[in-house]
Amino acid sequence: IADKPFFPGVADFMKSKPVIAVALSGDNVIAQVRDLLGPTDSTIAPKGTIRGDFGVDKMTNVVHASDSADNAALELKRFFKDGELFDY
């Protein structure tokens, strides 16, 4: 999204607070995590979801989760160095 006009605002928001990066694995984990987070637009996210309880709007929605296994693989490389991820 770096070429989108809203990117500078998103980047500023992302740098405004500490970030906690988590890598999860398991059966149907992408769908399960996205259900826990709620819709990207926090204004329509139900109470009881992370975005519904803590988000502000679509751009400052508190949390991010990969939407596919392919994107997860790219994002894991972006946020974690070799050797930082391990399996149980």
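Trainee: Is Asn28 buried or exposed in this one?
Mentor: In this predicted model, Asn28 counts as exposed because its relative accessible area is 54%, and the cut-off for that label is over 50%.

Trainee: And where does Asn28 sit along the chain?
Mentor: Asn28 is placed in the loop that runs between α1 and α2.

Trainee: What is the phi of Asn28?
Mentor: The phi of Asn28 is positive, at about 55°, although the residue is not a glycine. Most residues other than glycine have a negative phi, which is why I would look at that angle in the backbone.

Trainee: Switching to Ser42, buried or exposed?
Mentor: Ser42 counts as buried because its relative accessibility is 7%, where the label asks for under 20%. Ser42 also belongs to a loop, namely the one between α2, residues 29-37, and α3, residues 50-54.

Trainee: So which residues is Ser42 in contact with, leaving aside neighbours within four places in sequence?
Mentor: With those neighbours set aside, Ser42 is in contact with Arg51, Gly52, Gly55, Val56, Asp57, Lys58 and Asn61.

Trainee: What lies 3.5 Å from a polar atom of the Ser42 side chain?
Mentor: That is the backbone oxygen of Asp57, and Asp57 is also one of the residues in the contact list of Ser42.

Trainee: Okay, zooming out, how many helices and strands are there?
Mentor: The protein has 4 helices and 0 strands, and its pattern along the sequence reads α-α-α-α. Along the principal axes, its C-alpha atoms fill a box of roughly 35 × 30 × 25 Å.

Trainee: What share of the residues is buried?
Mentor: Of the 88 residues in the protein, 19% are buried. The accessible surface comes to about 7,100 Å², and carbon and sulfur atoms account for 59% of that area.

Trainee: What about contacts between residues 24 or more positions apart?
Mentor: Among the contacts with a separation of 6 or more, 33% join residues that are 24 or more positions apart.

Trainee: And the charges, how many positive and negative?
Mentor: There are 10 positive and 13 negative charges in the protein, and the mean positions of these two groups are 6 Å apart.

Trainee: Last thing, where is the confidence lowest and where is it highest?
Mentor: Confidence is lowest in helix α1, residues 7-15, with a mean of 86, and highest in α2, with 96. For the protein as a whole, the mean pLDDT is 91, and 99% of the residues reach 70 or more.

Technical notes. Residues are numbered from 1 along each chain as its sequence is written. This is a predicted model: local features need pLDDT of at least 70, side-chain atom pairs count only at pLDDT 80 or more; totals for chains, interfaces and linings use all residues. Side-chain values use heavy atoms; hydrogens and water are left out. Helices (H or I, at least four residues) and strands (E, at least two) are DSSP runs, numbered from the N terminus. Buried means under 20% relative accessible area, exposed over 50%, partly exposed in between (1.4 Å probe, protein chains only). A polar contact is a pair of N or O atoms within 3.5 Å; within protein, one must be able to donate a hydrogen and the other to accept it, and residues adjacent in sequence count only if both atoms are side-chain atoms. Contact means heavy atoms within 4.5 Å. pLDDT is the predictor's confidence in each residue, from 0 to 100. Accessible areas come from the Shrake-Rupley method with a 1.4 Å probe; for residues, only the protein chains shown count as cover. Lys and Arg count as positive and Asp and Glu as negative; His and the chain ends are not counted. The place of a charge is taken as NZ of Lys, CZ of Arg, CG of Asp or CD of Glu.
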